[in-house]
Amino acid sequence: KLSDRLQQLLEQIPQGSRLADIGSDHALLPVAAVESGKAVFAIAGEVNPGPFDAACKGVAEAGLGKVISVRRGDGLEVLEPGEVNCITIAGMGGALIAAILDRGQSQGKLKEVTTLLLQPNVGEDILRRWLLNNKWVLVAERILEEDGKLYEVLTAVPENTEAGITNESVYRELTLGDSAKVLGQEALLQMGPWLLQAPNNVFFAKWQGEIQKLEGILTSLSRSELESAENKRKQIQGQIREITEVLQCLP
Ligand code: SAM
């Protein structure tokens, strides 16, 4: 059985995709995608030898060697341009996922890709910023908890002005509920434009956790009398105030 986290990714894969799962480890996601009919063909990419062997084993055990190609290599270098139309990258930091996409995009590997499904463990804001700067439009965001950890799943598609799929519409100023609180692009990049519009308990738990972390930093800074510590304290107090205000104004 797939974890809830991978299940969320699976559900977002368009039916009949040609899929590449980069950093596939045991190839659980491509195997489930092919078995469920979500993917008609899949590539499992892995850079490290141990997980690469695990992926080969997972695919062989599922008897799917003919429809899932396991390839060893860094990021999107395992793909030929045009080979897949959906890419999943899960379980890495947002900065690493962004770097993989960036290199792949400049090598033309994203040309026929119509869906990116990304699950950063940290650094979600870095990834949102990369998508925004590279004409990928965030069309859905999910947040879930599993085994005490919080995960976000981001879905992005290429910008399509004619179809009205634009970053302008995703990142326009957001007024929270019927309050006077208006969020600009920076706050939306940090917290997630879709998550902010439909916040669930996990979202509140994430940001309450962030406030606690920041309060912990404040406590340790309060022991220092340096001027730089004073500036840092002010900055963190500002961040705590901002997050608290946002949470109070959400429905
Ligand atoms: N995607 C699976 C999941 O979400 O359950 C496995 C996640 S595992 C924590 C991260 C995997 O990414 C590791 O197996 C690692 O070897 C692989 N990885 C890290 N950097 C990579 C890169 N540049 N290209 C391909 N795979 C990479």
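**Exercise 1.** Which residue just after α3 takes a positive phi?

*Solution.* In this predicted model, the place to look is the stretch that follows the helix. Gly 63, just after α3, takes a positive phi of about 70°.

**Exercise 2.** Describe helix α3, first by its span and then by the residues that it buries and exposes.

*Solution.* Begin with the span: α3 covers residues 49-61, which is 13 residues, and from its first C-alpha to its last it reaches 18 Å. That value is close to the 18 Å expected at 1.5 Å a residue.

Next, sort the residues by burial, where a residue counts as buried if 20 or more other C-beta atoms lie within 10 Å of its own. In α3, the residues Phe 52, Ala 55, Gly 58 and Val 59 are buried. Viewed down the axis of α3, its buried residues fall within an arc of 125°, and therefore they line one face of the helix. On the other side of α3, the residues Pro 49, Gly 50 and Glu 61 are exposed.

Finally, ask what lies over the buried face: the cover of the buried residues of α3 includes α2 (28-35), β2 and β3 (68-72).

**Exercise 3.** Work out which residues and strands form the shell around the ligand.

*Solution.* Start with the residues: there are 15 around the ligand, and of these Gly 23, Asp 25, Pro 51, Ala 90 and Gly 91 come nearest.

Then turn to the strands, among which β2 (39-46) and β4 (86-92) each supply at least two residues of the shell around the ligand. The most is given by β4, which brings three residues to this shell.

As a last step, divide the shell by class, which yields six nonpolar, six polar and three charged residues.

**Exercise 4.** Determine how the chain is divided into domains, and what makes up the side of domain 1 that touches domain 2.

*Solution.* The first step is to set the bounds, which are 4-165 for domain 1 and 175-249 for domain 2. The C-alpha centres of domain 1 and domain 2 lie 30 Å apart.

The second step is to count the contacts, in which twelve residues of domain 1 meet eleven residues of domain 2. On the side of domain 1 that touches domain 2, α5 (124-133), β6 (136-146) and β7 (149-158) each supply at least two residues, and the largest share, six residues, comes from β6.

The third step is to sort that side of domain 1 by class, where five residues are nonpolar, none are polar and seven are charged.

Methods:
Residues are numbered from 1 along each chain as its sequence is written. This is a predicted model: local features need pLDDT of at least 70, side-chain atom pairs count only at pLDDT 80 or more; totals for chains, interfaces and linings use all residues. A residue is near a molecule or strand if its C-beta atom, placed from the backbone, lies within 6 Å of it. Helices (H or I, at least four residues) and strands (E, at least two) are DSSP runs, numbered from the N terminus. Ala, Val, Leu, Ile, Met, Phe, Trp, Tyr, Cys and Pro count as nonpolar, Asp, Glu, Lys and Arg as charged, and the others, Gly among them, as polar. Domain bounds come from an automatic or database domain assignment. Two residues are in contact if their C-beta atoms, placed from the backbone, lie within 7 Å. The expected span of a helix is 1.5 Å times one less than its number of residues. A residue is buried if 20 or more other C-beta atoms lie within 10 Å of its own, exposed if 12 or fewer, and partly exposed in between; C-beta atoms are placed from the backbone. The arc is that of the directions from the helix axis to the C-beta atoms.
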